[in-house]
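Student: Please pick one part of this structure and take me through a close look at it. I would like a connected account, in plain words.

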Amino acid sequence: MENPGDRMSCYLTKALGNVGAELAHQVPGRVSTEIDARLAYDTQGIVQRVHELLQIYNEHDIPSERLLFKIPATWQGIEASRLLESEGTQTHLTFVYSFAQAAAAAQAGASVVQIFVGRIRDWAKNHSGDPEIDEALKKGEDAGLALVKKAYVYIHKNGYKTKLMAAAVRNKQDVFSLLGIDYIIAPLKILQSLDESVTDSDEKYGYVQRLTPSLDKMYNFSQEELVKWDQLSLAAAMGPAAEELLASGLEGYANQARRVEELFVKIWPPPNV
């Protein structure tokens with residue numbers, strides 16, 4: 001490729017595919033591959049990048065059912081998820097910080113939706129003025145856990161296939177509060193503290209399923225929340241927390257991609273080529 005930017009993008013895509021294939025040979029289950037955050041507002045660019053990665057995985061004999069593709073939950077990312085899922089490719093929508101994003105992702109048929117519990121909590125500690133967060137706090141709830149619970153009920157009540165994942169879990173109490181969710185990403189130190197815990201089913205923090213279909217009775221969704229989400233309604237429903245956290249998340253991941261590309265500039269092509 002003549003264009004240096006295109007060449008760097010090609011290196012990064014091949015590296016992700018090669019490393020992901022190695023992981024898939026080493027572990028059971030699925031491997032999730034991050035799509036470049038710089039494509040977050042380009043539906044066709046995301047779809048094309050996923051197709052390129054699928055081709056690389058295919059060359060390594062990794063079937064598509066072993067793969068997830070992690071896409072930012074912008075409207076364009078949600079649309080890319082809808083298109084890819086219609087082809088049978090599993091998608092994993094990330095940077096979800098609002099009910100509107102979670103609901104739109106479920107409607108699009110995303111295989112996994114990832115909510116960052118701790119990041120929402122951190123924002124709520126230092127800011128105000130987000131209607132969704134303010135409502136949770138008024139009820140005495142943790143804003144991050146409240147969003148997970150609401151998204152869980154919405155998905156189950158409407159029969160969507162989407163699985164829910166909680167990330168940015170900060171302590172073992174978060175884990176206990178999330179029991180019943182499909183997936184939890186937890187640091188090793190939290191897993192170790194759980195292993196050392198002595199719990200009782202009668203205690204506040206015991207191994208009792210907290211998220212169950214019985215929660216359906218606690219929620220009556222408004223007409224606005226039950227709409228068929230589109231770009232305009234999603235933009236209108238996202239509060240300042242979701243907007244700020246999405247923007248900062250994308251910036252952070254884009255910077256990481258640039259750092260990797262800078263390393264490729266230093267090591268490729270090798271001196272003897």
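Tutor: Two strands are said to pair if DSSP finds at least two bridges between them. The model is predicted, and the part to look at is the sheet, with strand β4 as the place to stand.

The sheet is an open one of six strands, in the order β1-β2-β3-β4-β5-β6, and the pairing is parallel. β1 and β6 (183-184) are at the edges with a single partner strand each, so each of them has one side without a neighbour in the sheet.

Strand β4 covers residues 112-116, and five of its five residues are buried. Buried here means under 20% relative accessible area. Look at the two faces of β4 in turn: V112, Q114 and F116 are on one side, V113 and I115 are on the other, and all are buried, so both faces are covered by the definition just given.

Next, the neighbours of β4. On one side is strand β3 (residues 91-96), which runs parallel to β4 and is joined to it by three bridges. One pair to find is L93 with its bridge partner V113 in β4. To get from β3 to β4, the chain passes through helix α4 (residues 99-108), and this β-α-β crossover is right-handed. The other neighbour is strand β5 (residues 163-167), which pairs with β4 in the parallel sense over five bridges. Here I115 has A166 in β5 as its bridge partner.

Each of these neighbours leads to a residue with a positive phi. In strand β3, F95 has a phi near 60°, a positive value in a residue other than glycine. F95 has a relative accessible area of 0%, so it counts as buried. A168 also has a positive phi without being glycine, near 55°. A168 sits in the loop between β5 and α8 (172-178). Its relative accessible area is 19%, so A168 is buried too.

Now look at what lies over the strands. Helix α7 (residues 143-157) lies across β4 and β5, and runs at about 175° to β5. Keep the residue numbers of α7 in view while you find E225, which is in the loop between α9 (188-196) and α10 (231-237). The side chains of E225 and K150 are joined by a polar contact of 2.5 Å. Apart from its neighbours within four places in sequence, E225 is in contact with F99, K150 and Y154. E225 counts as buried because its relative accessibility is 17%.

Last, go to the edge of the sheet at β1. Helix α1 (residues 4-26) has buried residues that are covered by elements including β1 (31-34), α2 (43-59) and α11 (240-267). Among those buried residues are M8, Y11, L12 and A24. The helix α1 has 23 residues and reaches 33 Å from its first C-alpha to its last, close to the 33 Å expected at 1.5 Å a residue. At its N-terminal end, α1 is capped by N3, where a side-chain oxygen lies 2.7 Å from the backbone nitrogen of G5.

To sum up, β4 has β3 as a parallel partner and β5 as another, with both of its faces covered.

Technical notes
Residues numbered from 1 in each chain as written. Predicted model: local features only at pLDDT ≥ 70, side-chain atom pairs only at ≥ 80, totals over all residues. Heavy atoms only, no water. Helix = DSSP H or I, 4+ residues; strand = E, 2+ residues; numbered from the N terminus. Expected span 1.5 Å × (residues − 1). Buried < 20%, exposed > 50% of the residue type's maximum accessible area, 1.4 Å probe, protein only. Contact = heavy atoms within 4.5 Å. Polar contact = N/O pair within 3.5 Å; in protein donor to acceptor, adjacent residues only side chain to side chain. Right-handed = clockwise from strand over helix to strand, strands pointing away. Axes fitted to C-alpha atoms, helices over the stretch in contact; angles between N-to-C directions.
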